[in-house]
Protein chains: 2
Amino acid sequence: MGADAEHMQKLIEAQDRFVASWGQMAGAWGISRTMAEAHALLYITGRPMNTDEIMDRLQISRGNASMSIRALVDWGIISRTHKRGDRKEYFEADQDVWSMFRSIVRERMKREVEPLLATLFEIRDASPAPDEGSDAAQEDLLAHQRRLDEMLTFLQTMERLSHRFISPSGSGLELAAQLLTGLDR
Amino acid sequence: MGADAEHMQKLIEAQDRFVASWGQMAGAWGISRTMAEAHALLYITGRPMNTDEIMDRLQISRGNASMSIRALVDWGIISRTHKRGDRKEYFEADQDVWSMFRSIVRERMKREVEPLLATLFEIRDASPAPDEGSDAAQEDLLAHQRRLDEMLTFLQTMERLSHRFISPSGSGLELAAQLLTGLDR
DNA sequence: TGGTTGTTTCAGAATGTTTTGAAACCAACG
DNA sequence: CGTTGGTTTCAAAACATTCTGAAACAACCA
């Protein structure tokens, strides 16, 4: 066995380990294990793969592969490609970790924070205004309003933050992060 | 019916809605729905409650309440209190949204990012070094190393960021957030 | 000590999520 | 058209998580 073959085996082993540990994080990112694994695979191998290759490598069913891949495409962290003379669809992972991260945050803000914000506004509007009643009751209502507002302000700040640094143009986040961590002591 | 009673009912309704929508976010924060609801309840009512009150209000079993409360205490976002002349334990939520957020991030970094980082370091060390073999193979190994390193760097940056702004002393995060969002245009 | 009150544990039940595999679908090509 | 190569869908099965309720435990008090 040549050095190449030997290395290749270790490489594949390392890739598999990467895939597995990435899969464990799945829950944390709000995606299913398979989704995470598929993404990890595409990221760490760094080359486009088609559905069958992914199925084989991860030992999953066609249906599962299809679903997971589609979801990843929806999230915007992998993209479709094609190979000349091959009718199959190929998929490749965004190779820029920061832009990957931006996609994830963007998507989660959209799916989780935005709806929550909307609901909280509704609740605030439907909450009784502290305009009458006994002093004690008024005090309660005011405190209630204050707590709602604090939460709203917090979430809005987060949203603005994310829009600014995560979403559209660029590397704002990375720069900022490095800047901020750089401010040592 | 007096204005107070009327208001009180609406207030309770608003609280329930808050609890419910907070509960929906549960998955997102990596905690169970009940945990989220219990926390929401304590936060929005703003007063210490004991296990029985929480059970009754959320319509959950004693076991579930006990588990969820304990977990919240472990996360550091609610704390035990006592009432004079009452043997029951009471619990109250951190009323500062930012410090709450810091606790959550701290805990999740500890539980999710730190172990992942450790594993990735291991994987990197076990990956074959590109010291011999054909050029093409070397190229592959180098690319693999590069991808691992990028991910490691990213996660380490995140960790440093979180340690700096989230963890120990203070309001670093809030300040930073306001600062950053303030930098408009 | 025995009784009373309050808390934790845990096996099994209920519920929710993910995966499979086969069938339906779709587009291109001869 | 009808066949081929490929992708998507979806009901049922496997799996995982969460919840219940009753029993065990612990602390306090008379």
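Start at B:Arg70 in this predicted model. Select its side chain together with DNA strand C: an N or O atom of the B:Arg70 side chain and a phosphate oxygen of the strand are 3.1 Å apart. This is a polar contact (a pair of N or O atoms within 3.5 Å; within protein, one must be able to donate a hydrogen and the other to accept it, and residues adjacent in sequence count only if both atoms are side-chain atoms).

Before going on, note the conventions: residues are numbered from 1 along each chain as its sequence is written, while chains are lettered from A and ligands numbered from 1 in the order in which they are written. Local features need pLDDT of at least 70, side-chain atom pairs count only at pLDDT 80 or more, and totals for chains, interfaces and linings use all residues, with side-chain values taken from heavy atoms and hydrogens and water left out.

**DNA strand C**

Stay with strand C and select A:Thr34, which has a polar side-chain atom 2.6 Å from a phosphate oxygen of the strand. At A:Ser61 the atom to pick is a backbone N or O, 2.8 Å from a phosphate oxygen of DNA strand C. Two elements give two or more residues to the surface near this strand: helix 4 (62-75) of chain A and helix 4 (62-75) of chain B. Helices (H or I, at least four residues) and strands (E, at least two) are DSSP runs, numbered from the N terminus. Helix 4 of chain B gives the most to this surface, five residues.

Now widen the selection to everything near DNA strand C, where near means that a heavy atom of the residue lies within 4 Å. The selection holds 16 residues, and the closest are A:Thr34, A:Ser61, A:Asn64, B:Arg87 and B:Glu89. On the DNA side, 66% of the strand C atoms that come within 4 Å of the protein belong to sugar and phosphate. By class, the surface has two nonpolar, nine polar and five charged residues. Here Ala, Val, Leu, Ile, Met, Phe, Trp, Tyr, Cys and Pro count as nonpolar, Asp, Glu, Lys and Arg as charged, and the others, Gly among them, as polar.

**DNA strand D**

Move to DNA strand D, which has 17 residues around it; A:Lys88, A:Glu89, B:Thr34, B:Ser61 and B:Asn64 come nearest. Sugar and phosphate make up 62% of the strand D atoms that come within 4 Å of the protein.

Select B:Thr34 to find a polar side-chain atom 2.4 Å from a phosphate oxygen of strand D. At B:Ser61, a polar backbone atom is 2.8 Å from a phosphate oxygen of this strand. On chain A, an N or O atom in the side chain of A:Ser66 is 3.5 Å from a strand D phosphate oxygen. Helix 4 of chain A gives the most to the surface near DNA strand D, with five residues. The residues of that surface divide into two nonpolar, nine polar and six charged.

**Helix 4 of chain A**

Isolate helix 4 of chain A and look for its buried residues (under 20% relative accessible area; exposed is over 50%, partly exposed in between; 1.4 Å probe, protein chains only). They are A:Ala65, A:Ser68, A:Ile69, A:Ala71, A:Leu72 and A:Trp75. These residues lie on the same side of the helix, because they cover an arc of only 160° around the axis, taken from the directions from the helix axis to the C-beta atoms. Turn the helix to the face away from this buried side and the exposed residues A:Met67 and A:Arg70 appear. Just past the helix comes A:Gly76, with a positive phi near 80°.

**The loops before helix 4**

Next select A:Gln59, in the loop between helix 3 (51-58) and helix 4 of chain A. Its phi is positive, near 60°, in a residue other than glycine. A:Gln59 counts as exposed because its relative accessibility is 68%. In chain B, go to B:Gln59, in the loop between helix 3 (51-58) and helix 4. B:Gln59 has a positive phi of about 55°.

**Last stop: B:Gln145**

Select B:Gln145 in helix 6 (residues 135-166) of chain B. Is B:Gln145 buried or exposed? At 15% relative accessibility, B:Gln145 counts as buried. Leaving aside neighbours within four places in sequence, B:Gln145 is in contact (heavy atoms within 4.5 Å) with B:Arg124, B:Ser127, B:Pro128, B:Ala129 and B:Pro130.
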